[in-house]
Amino acid sequence: MKFLSQDPAVKRLSLANPIHFLALGFGSGLAAKAPGTFGTLAAIPLYLLMAPLSLPIYLTLTLVSIVAGIYICDKAAKDMQVHDHGAIVWDEVAGLLITFIAAPAGWIWLLVGFGLFRFFDIIKPWPIKWLDAKVDGGFGIMIDDVLAGVFALICLQGLAYFFA
């Protein structure tokens, strides 16, 4: 069993290209199995670096990750010649950053937020599934994970309200 994807479309990308490096979630999207989960895991160190920042700075950086992600994901998809290939995981990175907006500190909250985001990203309740199917390009790649992040954020904040 190979750990890295052998998909020919993935071979059209290069980790030496900064756009591809980001689109592949710092290389985590190259995982042969569950690249979205690996991309979300790769976002945790970035979140931990951003967590001590003030809320306005955190929000600004998260917004930058979303807006830049539209271009990053679109460019990688075009270079791969495949729309929303599983190896493109920058959308998971941005989605996890959304999940953790104003999240309580602590490993339990990190695990709960991670689980909630993966749940919504995989299950894709309405309107996430509809948008995923209907919207193309970089915006289409990003929007389902942005909404999954918003759903996870709402749930995480609700849990924090009652249990933190």
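A residue counts as buried when its relative accessible area is under 20%, as exposed when that area is over 50%, and as partly exposed in between. Keep these words in mind as you move through the structure, which is a predicted model.

**First stop: helix H4.** Select residues 90–99, which form helix H4, and look at how this helix is covered by its surroundings, for 10 of its 10 residues are buried. Going along the helix, you will pass Trp90, Asp91, Glu92, Val93, Ala94, Gly95, Leu96, Leu97, Ile98 and Thr99, which are buried. Which helices do the buried residues of H4 pack against? If you now show the neighbours, you will find that these residues pack against helix H1 (18–23), H2, H3, H5 and H7.

**Second stop: H4 beside H7.** Keep H4 selected and add H7, residues 137–163. The axes of H4 and H7 come within 7 Å and cross at roughly 25 degrees, and since angles under 35 degrees count as roughly parallel, H4 is described as roughly parallel to H7. The crossing of this pair is right-handed. On the H4 side the contact includes Trp90, Ala94 and Ile98, while on the H7 side it includes Met142, Val146 and Leu153. Sorted by class, the residues in the contact of H4 with H7 are 10 nonpolar, 3 polar and 3 charged.

**Third stop: H5 across H7.** Hide H4, leave H7 in view, and select H5, residues 107–123. Here the axes come within 8 Å and cross at roughly 140 degrees, so H5 and H7 are oblique to each other. H5 passes H7 in a right-handed crossing. Among the residues of H5 that make the contact are Trp109, Leu116, Phe117 and Phe120, and among those of H7 are Phe151, Cys155, Leu159 and Phe163. This contact of H5 with H7 has 13 nonpolar, 2 polar and 3 charged residues.

**Fourth stop: the nonpolar core.** In soluble globular proteins, nonpolar side chains tend to be buried together. The largest nonpolar core of this model has 47 residues, and you can begin by selecting those with the most contacts inside it, namely Tyr47, Tyr58, Met80, Ile88, Phe100 and Met142. Helices H2, H3, H4, H5, H6 and H7 each supply at least two residues of this core, and the largest share, 10 residues, comes from H7. Now centre the view on Tyr47, which touches Tyr58, Leu97, Phe100, Ala103 and Leu110 when residues up to four places away in sequence are not counted.

**Fifth stop: the loop between H5 and H6.** Select Trp126, which is found in this loop, and notice that Trp126 is exposed, with a relative accessible area of 69%. Although Trp126 and Leu147 are 21 residues apart in sequence, their C-alpha atoms are 9.9 Å apart in space. Most residues other than glycine have a negative phi, and most peptide bonds are trans. The peptide bond from Trp126 to Pro127, however, is cis, with omega near 5 degrees. Lys124 lies in the loop between H5 and H6 as well, and its phi is near 50 degrees, a positive value in a residue other than glycine. Is Lys124 buried or exposed? With a relative accessible area of 16%, Lys124 is buried.

**Last stop: Ala34.** Finally, move to the loop between H1 and H2, where Ala34 lies. Ala34 has a positive phi, near 50 degrees, and at 42% relative accessibility this residue counts as partly exposed.

Methods:
Residues are numbered from 1 along each chain as its sequence is written. This is a predicted model: local features need pLDDT of at least 70, side-chain atom pairs count only at pLDDT 80 or more; totals for chains, interfaces and linings use all residues. Side-chain values use heavy atoms; hydrogens and water are left out. Axes are lines fitted to C-alpha atoms, for helices over the stretch in contact, and angles run from 0 to 180 degrees between N-to-C directions. Helices (H or I, at least four residues) and strands (E, at least two) are DSSP runs, numbered from the N terminus. Angles under 35 degrees count as roughly parallel, over 145 as roughly antiparallel, 65 to 115 as roughly perpendicular and the rest as oblique. A crossing is left-handed if the near helix is turned anticlockwise from the far one by less than a right angle, and right-handed if clockwise. Contact means heavy atoms within 4.5 Å. Ala, Val, Leu, Ile, Met, Phe, Trp, Tyr, Cys and Pro count as nonpolar, Asp, Glu, Lys and Arg as charged, and the others, Gly among them, as polar. A nonpolar core is a set of buried Ala, Val, Leu, Ile, Met, Phe, Trp, Tyr and Cys residues joined through side-chain atoms within 4.5 Å. Buried means under 20% relative accessible area, exposed over 50%, partly exposed in between (1.4 Å probe, protein chains only).
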